[in-house]
Each structure stands twice: as C-alpha cells, then as structure tokens.
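Student: I have a model open and would like to learn how to read its features. Could you walk me through it?

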Amino acid sequence: MKNKPPVIWINATLFTLTFIAAITLVPLYGIFIGFNAAEWLCFALLMFISGLSITAGYHRLWAHKTYQASSPVKIIYALGGALALQNSALHWSSDHRQHHKYVDINEKDPYSAKMGFWYSHIGWMLREYHSQGYHDYKNVRDLQNDKIVMWQHKHYLSLVLIMNILLPLFLGFLSGNILGMFLLAAVARLVVVHHCTFFINSLAHIWGKQPYTNKNTARDNGVLAFLTYGEGYHNFHHIFENDYRNGVKWWHYDPTKWLISALSRCGQTWDLKRVAEERIETARLKMQLINASHKISHLPNKEELLLKLQYEYEHVKNHIVHYYQAHKALLEAKSKRLCHQELSNQVKILKENLSNQLKHWRVLTNNSYKT
Ligand SMILES: [Zn+2]
Ligand SMILES: [Zn+2]
C-alpha cells in the first residue's frame, strides 16, 4: 500500500477541536444558559465579514483579478481573511490559481474533486499532499507587488490571533459575557464559515447542473450559492473566471457580486470585469446541443435528429451573434449621442426574432428524444 504523506497536525487539531466544540459546547451552552441578541448579531456580522472577505477579496479580487479595489477595502479583506482562517491571501490565491489551471487533474489540482468529497472538502489540508511543487508562489508574482497582500502574509499568525481570539473576547467584554460571545462569534462562526466555503471545492464540483460547460466537474447550484455567498454558481465561474459575478442573472443570489457592485458606486471598487453576454449565451446554447445529442443517442433515427439539431443550433447561434452585434452598436451610438432610431428598431426586431428562435430551440431540444 502506498504510504500517505505526513499529517499536518496543526490543521488536523484545529479543525477537529473547533468542530467538536461547535457541535457540543455551543448547543449545550445555548440550551442551558442561552445566547443573547448581541451574541447572535456578532455571530452574523463576523460570519458575513469573514465569508465575504474570502469570496470578494481572496477569490474574486486577488486570485482572479476580476476588479480593482481601494486600500481600505483591501485592508478589510485582509483582516476578514485572517478571521476566516483559511491561510494568507497569497497562499490561498496560489492554490486557487492552480485549481483553475489544472482542475480535476489529481496530481496538480490541490483540491481535485476527482479525489472524492472528503479530500476536496477538507482532506487536502490534513496531510502534506502538495508540500513541494508550487509553493514558491511563482503563480502569484503579481500579488507579491501588492503591499497589503504581503503585509497580511508576513503578519498572518498575529492577525489570526487578534481577529479570532482578541476581537471576540473584546466583544464579549463589551456585551458583558465573554464565554457566550466566544462560543458563538468565534467558535461556531469559524466552523460555519469554514465548512460553507469548503463546500465550494467539494459539493460545488459534485452537486448541481452544468449549463455552460461539461469540460470539468464544476456545477451551478442555487442552494450552495445561498451557503457560499454566491459562489455556488461554480460551473459559470470555471468557464468565465474573469467575470466579477458568479451568479450571472440579476435574480441569482450572489451577495459577493452585490457587495462589489455597491462598493463601485461609492468609488471603492472599479474596473469590474464582465464577460460579453454573447459568449455566455453561446456557451449555454452549446451545452444544450450537447445534452440534447446525449438524449437522442439511443434512438434509431438519431442521425437524422442530430442533423436537425445541428442545423437549428447554427441558426440560433447566428441570431445570437447578430443581436448582440446590433445591441453593441446601439450602445456605442447612444454613448456618442448619435441618432439611433433606426438602430433601435433593428435591435428590437432582432431581439424578438432571437426570442422566437430560442423558444423553438427549447421545444426542439426538450422533445427531440420523444420523437
Ligand atoms: Zn475561482
Ligand atoms: Zn472549483
């Protein structure tokens, strides 16, 4: 049997002790003594600050550079990241860039979902699986020029202790109950944020739909989006990692994207990157073709149906291209304050045509296997 790499005792102890305390001491305290409103409020506040520092800061700002942020915002992310206790932003981003570059390749993806739920959720942090190879941080050279990232990296341990021990103790001192505050706002909050964000590497690669790509295991899942501050739209994220949004539709629950967008209105974030709508729609259409082709693969007339599907696919794709080209031209004309009445009418007609084409396409792809 192959020898397993050595256990990282500090991680194993920390994860085990905090988890055991969160499922025993916290509920026992809640039942026999009870938590007050200030403790619940601090629990919720610190949960959001630490969770969003990981998703908006570590993930979308530093690992993927999907937008720019002011120094005060970056400092809050750096402190919130230390509060979340998921390693420094530099280390985290290095791992994460590796994950995107080599997704699902067990030897290179640090938390490959192909290694199973346990490994991708937490197991990868419990042993020295990737002790050599990429921790020279050469894939995060750009971040090494970011003073706040390097400050956090250098003082990471002190920041962790300040944020996870001193801050909750101080809040407990202010509210008049140190133990209750510590159990809820430090221990329970840490465990909840840990496992919710770990779900992005485990469940978001196992459970959900693949509307944009099937080239990797990443999934879109609204339930997980709720638990992960919007990161549950992971299928979209793995194909369009440079977009500051993960939930691309306006109704998708993505508090991380709302935060980044709200901060941009106050001038604290800028240069928010969005993938062209046309590319998103084309990717979705292609997946629908792939799924419909699978559904008909057992039918005797599959070749005939496939030709029909491919013909329609090209047709709809052309409509998408024409519509978005005209739409872009209209926006340009508007921004230059040019006369755009004719262009406006053209866009309206193209939009209507595209909508009809998409309806027809949906009927065809949904019914093709019943024919
Ligand atoms: Zn990512
Ligand atoms: Zn992933």
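Student: Let's start with helix 14: which helices do its buried residues pack against?

Tutor: This is a predicted model, and in it the buried residues of helix 14 pack against helix 13 (277-296) and helix 15 (341-367). A general idea helps here: an α-helix has 3.6 residues a turn, so residues three or four places apart point the same way. Now look at the buried residues of helix 14: Leu 305, Leu 309, Tyr 313, Val 316, His 319, Ile 320 and Tyr 323.

Student: What span should helix 14 have, and how far apart are its end C-alpha atoms?

Tutor: Helix 14 covers residues 302-335, and at 1.5 Å a residue its 34 residues should span 50 Å. The end C-alpha atoms are 49 Å apart, so the two values agree.

Student: Which residue with a positive phi follows helix 14?

Tutor: The general idea is that most residues other than glycine have a negative phi. Here, Arg 337 has a positive phi of about 55° although it is not a glycine. Arg 337 lies in the loop between helix 14 and helix 15, and it is exposed, with 7 other C-beta atoms within 10 Å.

Student: What about Asp 104: is its phi positive or negative?

Tutor: Asp 104 has a positive phi too, of about 75°, and it is not a glycine either. You will find Asp 104 in the loop between helix 5 and helix 6 (117-121). Asp 104 counts as partly exposed because 17 other C-beta atoms lie within 10 Å.

Student: Is Thr 66 buried or exposed?

Tutor: Thr 66 is buried, because it has 26 C-beta neighbours inside 10 Å. Its place in the chain is the loop between helix 3 and strand 1 (68-69). Leaving aside neighbours within four places in sequence, Thr 66 is in contact with Arg 60, Asn 242, Asp 243, Tyr 244 and Lys 273. Try the C-alpha atoms of Thr 66 and Arg 245 as well: they are 8.6 Å apart in space, while the two residues are 179 apart in sequence.

Student: How much of the contact in the protein chain comes from residues far along the sequence, 24 or more positions apart?

Tutor: Such pairs account for 67% of the contacts with a separation of 6 or more. As for burial, 37% of the 371 residues of the protein chain count as buried.

Student: Which residues touch the most other members of the largest nonpolar core?

Tutor: That core has 44 residues, and Phe 43, Trp 62, Ala 89, Ala 185 and Val 187 touch the most other members. Helix 3 (37-63) gives the largest share of this core, with 11 residues. Ala 89 makes a good case to inspect: beyond residues up to four places away in sequence, it touches Gly 57, Tyr 58, Trp 62, Ala 78, Gly 81, Val 149 and Gln 152.

Student: How do I read the crossing of helix 8 and helix 9?

Tutor: Take the distance and the angle together: the axes of helix 8 (residues 156-175) and helix 9 (residues 178-201) come within 7 Å and cross at roughly 140°. The crossing is right-handed. Helix 8 contributes residues including Pro 168, Leu 169 and Phe 173 to the contact, and among those from helix 9 are Met 181, Phe 182 and Ala 185.

Student: How many nonpolar, polar and charged residues does this contact have?

Tutor: The contact of helix 8 with helix 9 has 10 nonpolar, four polar and no charged residues.

Methods: Residues are numbered from 1 along each chain as its sequence is written. Chains are lettered from A and ligands numbered from 1 in the order in which they are written. This is a predicted model: local features need pLDDT of at least 70, side-chain atom pairs count only at pLDDT 80 or more; totals for chains, interfaces and linings use all residues. Axes are lines fitted to C-alpha atoms, for helices over the stretch in contact, and angles run from 0 to 180 degrees between N-to-C directions. Helices (H or I, at least four residues) and strands (E, at least two) are DSSP runs, numbered from the N terminus. A crossing is left-handed if the near helix is turned anticlockwise from the far one by less than a right angle, and right-handed if clockwise. Two residues are in contact if their C-beta atoms, placed from the backbone, lie within 7 Å. Ala, Val, Leu, Ile, Met, Phe, Trp, Tyr, Cys and Pro count as nonpolar, Asp, Glu, Lys and Arg as charged, and the others, Gly among them, as polar. A nonpolar core is a set of buried Ala, Val, Leu, Ile, Met, Phe, Trp, Tyr and Cys residues joined through C-beta atoms within 7 Å. A residue is buried if 20 or more other C-beta atoms lie within 10 Å of its own, exposed if 12 or fewer, and partly exposed in between; C-beta atoms are placed from the backbone. The expected span of a helix is 1.5 Å times one less than its number of residues.
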